[in-house]
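Me: Hey, I've got a protein open on my screen and I'd like to talk it through. Can you help me read it?

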Amino acid sequence: MDPRTLELMRHLQSDARDAGTLDAVRPLVPEVLATLDATGDATTRAEIGGLLEAWAQTAGPAERADALVLAAGLAAGPERARLLRGVGQLRLEQAGDGAGAIAVYEEALDADAELTLARELADLYALRAAEGDGARAAA
């Protein structure tokens with residue numbers, strides 16, 4: 001395993017769940033991802049995604065959404081949609097960011113056109129009630 005992948009895993013397995021750790025992790029993820037994709041190492045990619053998600057679950061609210069976005073970047077299909085849905089929920093519930101939640105839900109729906117997700121997005125459009133949201137919610 002290359003040194004940058006080991007560094008990333010060490011950060012994610014540490015007890016530190018703060019902005020400083022996230023700042024150290026954030027630039028490592030795309031670099032490590034490129035290496036793993038080049039070598040076809042799907043196992044380590046999945047392991048890092050799981051570590052990011054576990055890290056997010058015990059991080060503070062501000063760091064949680066960002067870590068889940070990073071984890072979603074490692075996933076595809078229903079798993080990506082599930083992670084992005086969590087980001088959308090955090091943005092809405094913790095930050096009151098309806099527009100941010102909608103953007104993430106739209107991205108999740110692109111990853112997996114699951115009916116419950118579509119209904120939740122329609123509910124967010126109804127909450128926002130901006131011009132054109134009625135048509136989006138009906139679509």
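Reply: Sure. Keep in mind that this is a predicted model. Let's start with one residue: leaving aside neighbours within four places in sequence, Leu8 is in contact with Val25, Leu28, Val29, Val32 and Ile48.

Me: OK, so is Leu8 part of some bigger group? Which residues touch the most other members of the largest nonpolar core?

Reply: Leu8 is one of them, along with Leu12, Val25, Ile48 and Leu52. That core has 38 residues.

Me: Which elements give two or more residues to this core?

Reply: They are α1 (3-13), α2 (19-25), α3 (28-39), α4 (42-58), α5 (61-74), α6 (77-95), α7 (98-111) and α8 (115-128).

Me: And which one gives the most?

Reply: That's α5, with seven residues. As a bit of background, nonpolar side chains tend to be buried together in soluble globular proteins.

Me: Switching topic. How many helices and strands are there in the protein?

Reply: Nine helices and zero strands. Going along the sequence, the pattern reads α-α-α-α-α-α-α-α-α.

Me: Let's look at α6. How does its span agree with what 1.5 Å a residue should give?

Reply: With 19 residues, α6 should span 27 Å, and its end C-alpha atoms are 26 Å apart, so the two agree.

Me: Which of its residues are buried?

Reply: In α6, the buried ones are Ala81, Leu83, Leu84, Gly86, Val87, Gly88 and Leu90.

Me: What follows α6?

Reply: Gly96 does, and its phi is positive, near 60°.

Me: Now α7. How far does it reach from its first C-alpha to its last?

Reply: α7 reaches 20 Å with its 14 residues, close to the 20 Å expected at 1.5 Å a residue. Its buried residues are Gly100, Ala101, Ile102, Val104, Tyr105 and Ala108.

Me: Zooming out, what percentage of the protein's residues count as buried?

Reply: Of the 139 residues, 37% count as buried. The C-alpha atoms fill a box of roughly 50 × 30 × 20 Å along the principal axes.

Me: What about the accessible surface, how much of that belongs to carbon and sulfur atoms?

Reply: The surface comes to about 7,200 Å², and 54% of that belongs to carbon and sulfur atoms.

Me: Last one: how far apart are the mean positions of the positive and negative charges?

Reply: They're 1 Å apart, counting 13 positive and 24 negative charges.

Conventions
Residues numbered from 1 in each chain as written. Predicted model: local features only at pLDDT ≥ 70, side-chain atom pairs only at ≥ 80, totals over all residues. Heavy atoms only, no water. Core = buried A, V, L, I, M, F, W, Y, C linked by side-chain atoms within 4.5 Å. Buried < 20%, exposed > 50% of the residue type's maximum accessible area, 1.4 Å probe, protein only. Helix = DSSP H or I, 4+ residues; strand = E, 2+ residues; numbered from the N terminus. Contact = heavy atoms within 4.5 Å. Expected span 1.5 Å × (residues − 1). Areas by Shrake-Rupley, 256 points an atom, 1.4 Å probe, with all protein chains shown as cover. Lys, Arg positive; Asp, Glu negative; His and termini not counted. Charge placed at Lys NZ, Arg CZ, Asp CG, Glu CD.
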